[in-house]
Amino acid sequence: MPHTDIRDELRVRGYALLPARQLSIAPELRPRVAELAREWEHLGADRYLRNGARFRERAYDRFFFLPRTGEVRLHPHRPYFQSEGANGYAGGIQRDVAPLSRSTVDNPLLTRLLRDDFARFPVEDGRLDEPWDVQCHQFRIIGTPEELGEPTPEGPHRDEVDYGAIHLMGRLNVTGGESQVYSEGEELLAEFCLRDRMDTMFWADRKILHAVRPVGARDESRPAVRDVLILGYTHAPGQRRTDPVHGGG
């Protein structure tokens, strides 16, 4: 799908889908897809789930990004924060989430995705010369007979960014896990399933709410696993390369 089509869909309806077969990856970077996916085997437990739940593992960091030049720079690691308005489940607190591994940060595919995803957003030309803050999240959701995996326990929500991209990195033994798009009034507008590695959803965070259905195990003798890479982009014109990152979504 051409970039122009995705930009138009984001302008009009607030989300767009790109199947893995249409995601252009340079030949020299194709082996890096499997390398990046293996990083999900080493995530830390999410210590902020309620009632001792253990269905989510994660890692997180943020990047300075200058679109015009393509400069990408890792920020100093800081806790993750969302407002209570955006996340009634775990908002309003500083969450000390494990950082991205060095091998994740150094994987050239991650940098390429960060740049290429941004190129699909309907961003005004004047904002290409200004910094953007990019959240990078690795999530593993685990479903078992004893505990459903909840990708979005907060329900339909915003991420408090301008634009975002969700890349599926793995889906094993899963029932459920369908992505959902909602209106401002929480009316379900669309539902679809990312099934193949690198199937991608783009969204305009100010236009829609989004959520994901719980994940269960198809074969109850082993866990269900759903891995995603999420990149969230926020226009941050006052940000400097060396600024520490504080909360905001």
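Here's a short back-and-forth about a predicted model.

Me: Let's start with Arg120: is it buried or exposed?
Reply: Arg120 sits in the loop between helix H4 (108-118) and strand S5 (132-143). Its relative accessible area comes to 5%. The cut-off for buried is under 20%, so Arg120 is buried.

Me: Which residue has its backbone oxygen 3.2 Å from a polar atom of the Arg120 side chain?
Reply: Arg120 touches several residues beyond four places away in sequence, including His3, Arg7, Leu23 and Phe202. The backbone oxygen in question isn't from one of those I just named; the residue that supplies it, 3.2 Å from a polar atom of the Arg120 side chain, is Asp116.

Me: Which element gives the largest share of the largest nonpolar core?
Reply: That core has 38 residues, and those with the most contacts inside it are Phe63, Phe118, Phe121, Leu229 and Tyr233. The largest share is 5 residues, and it comes from H4.

Me: And how many residues does the second core have?
Reply: This one is separate from the largest core, and it includes Ile166, Phe192, Leu194 and Ile230. In soluble globular proteins, nonpolar side chains tend to be buried together. The residue count for the second core is 13.

Me: Back to Asp162: is it buried or exposed?
Reply: Asp162 is in the loop between S5 and strand S6 (163-172). Its relative accessibility is 7%. Buried means under 20%, so Asp162 counts as buried.

Me: Which residue's backbone nitrogen does the Asp162 side chain reach?
Reply: Leaving out residues up to four places away in sequence, Asp162 touches a set that includes Trp132, Trp203, Arg206, Tyr233 and His235. The side chain reaches a backbone nitrogen at 2.7 Å, and that nitrogen belongs to His235.

Me: What does Arg78 count as in terms of accessibility?
Reply: Arg78 lies in the loop between strand S4 (71-74) and helix H3 (102-106). Its relative accessibility is 30%. Buried is under 20% and exposed is over 50%, so Arg78 counts as partly exposed.

Me: How far apart in space are Arg78 and Arg95?
Reply: Along the sequence, Arg78 and Arg95 are 17 residues apart. Taken C-alpha to C-alpha, the spacing between Arg78 and Arg95 is 9.0 Å.

Me: What separates the C-alpha atoms of Cys193 and Glu9?
Reply: Cys193 is in the loop between strand S9 (188-192) and strand S10 (200-204). Aside from neighbours within four places, Cys193 is in contact with Arg171, Gly176, Gly177 and Glu178. Glu9 is 184 residues away along the chain, and the C-alpha separation is 18 Å.

Me: Which strands are at the edges of the open sheet with S8 in it?
Reply: The sheet has 3 strands in the order S9-S8-S11, with antiparallel pairing. Neighbouring strands in it are turned by 20 degrees against each other on average, direction ignored. An edge strand here pairs on one side only, and that goes for S9 and S11 (209-212).

Me: What's the bridge partner of Ser179 in S11?
Reply: Strand S8 (residues 179-182) pairs with S11 in the antiparallel sense over 4 bridges. For Ser179, the partner in S11 is Val212.

Me: Last one: within what arc do the buried residues of H2 fall?
Reply: In helix H2 (residues 30-38), the buried residues are Val33, Leu36 and Ala37. They line one face of the helix, because seen down the axis of H2 they fall within an arc of 100 degrees.

Notes: Residues numbered from 1 in each chain as written. Predicted model: local features only at pLDDT ≥ 70, side-chain atom pairs only at ≥ 80, totals over all residues. Heavy atoms only, no water. Helix = DSSP H or I, 4+ residues; strand = E, 2+ residues; numbered from the N terminus. Buried < 20%, exposed > 50% of the residue type's maximum accessible area, 1.4 Å probe, protein only. Polar contact = N/O pair within 3.5 Å; in protein donor to acceptor, adjacent residues only side chain to side chain. Contact = heavy atoms within 4.5 Å. Core = buried A, V, L, I, M, F, W, Y, C linked by side-chain atoms within 4.5 Å. Pairing = 2+ DSSP bridges. Axes fitted to C-alpha atoms, helices over the stretch in contact; angles between N-to-C directions. Arc of directions from axis to C-beta.
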